Amino acid sequence: MTGFQAKLERFECLADECELIAKRADGGNRELYLRMGEHYRGLANDMRALIASFDVAA
């Protein structure tokens, strides 16, 4: 389970970093980093749901 938690934290960290970079980037790069942040947020949400499903099953 700790591996899943580590992945969750990493995805959240990457999403935060992308959002910070997007604030400083110019037009095209801003959009790229915003989309990357959204992608990492989605992965974090999926990982959170996966972890929750194990908690229910236990």
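**Entry 1: burial and surface**

I began with burial. Buried residues make up 19% of the 58 residues in the protein. I kept in mind that this is a predicted model. Next I looked up the surface. The protein exposes about 4,200 Å². Carbon and sulfur atoms supply 57% of that area.

**Entry 2: overall form**

I asked myself how many helices and strands the protein has. I found 2 helices and 0 strands. The radius of gyration is 14 Å, well over the 10 Å from the globule rule for 58 residues, so the protein is more spread out than a compact globule. I then checked the box filled by the C-alpha atoms. Along the principal axes it comes to roughly 45 × 15 × 10 Å.

I also looked at contacts along the chain. I took those with a separation of 6 or more, and 69% of them are between residues 24 or more positions apart.

**Entry 3: charges**

I noted 8 positive and 10 negative side chains in the protein. The centres of the two sets lie 4 Å apart.

**Entry 4: helix α1**

Helix α1 covers residues 2-24. I wanted to know what span its 23 residues should have at 1.5 Å a residue. The expected value is 33 Å, and the end C-alpha atoms are 34 Å apart, which agrees.

Which residues of α1 are buried? I listed L8, F11, L14, A15, C18 and A22.

**Entry 5: F4**

I picked F4, which has its place in helix α1. Is F4 buried or exposed? F4 is partly exposed, because its relative accessible area is 32%, and the partly exposed class runs between 20% and 50%.

I then looked up its contacts, leaving out residues up to four places away in sequence. F4 touches M47, L50, I51 and F54. Helix α2 runs over residues 27-57, so I place these four partners of F4 in α2 by their numbers. I also took the distance from F4 to R48. The two are 44 residues apart along the chain, yet their C-alpha atoms are separated by 8.6 Å.

**Entry 6: Y40**

I moved on to Y40, which lies in helix α2. What does Y40 touch, not counting residues up to four places away in sequence? I found F11, L14, A15 and C18. F11, L14, A15 and C18 are also among the buried residues of α1.

Last, I looked up Y40 and L20. They are 20 residues apart in sequence. In space, C-alpha to C-alpha, Y40 and L20 are 13 Å apart.

Note on methods:
Residues numbered from 1 in each chain as written. Predicted model: local features only at pLDDT ≥ 70, side-chain atom pairs only at ≥ 80, totals over all residues. Heavy atoms only, no water. Rg over C-alpha atoms; globule rule 2.2 N^0.38 Å. Buried < 20%, exposed > 50% of the residue type's maximum accessible area, 1.4 Å probe, protein only. Contact = heavy atoms within 4.5 Å. Areas by Shrake-Rupley, 256 points an atom, 1.4 Å probe, with all protein chains shown as cover. Lys, Arg positive; Asp, Glu negative; His and termini not counted. Charge placed at Lys NZ, Arg CZ, Asp CG, Glu CD. Expected span 1.5 Å × (residues − 1).
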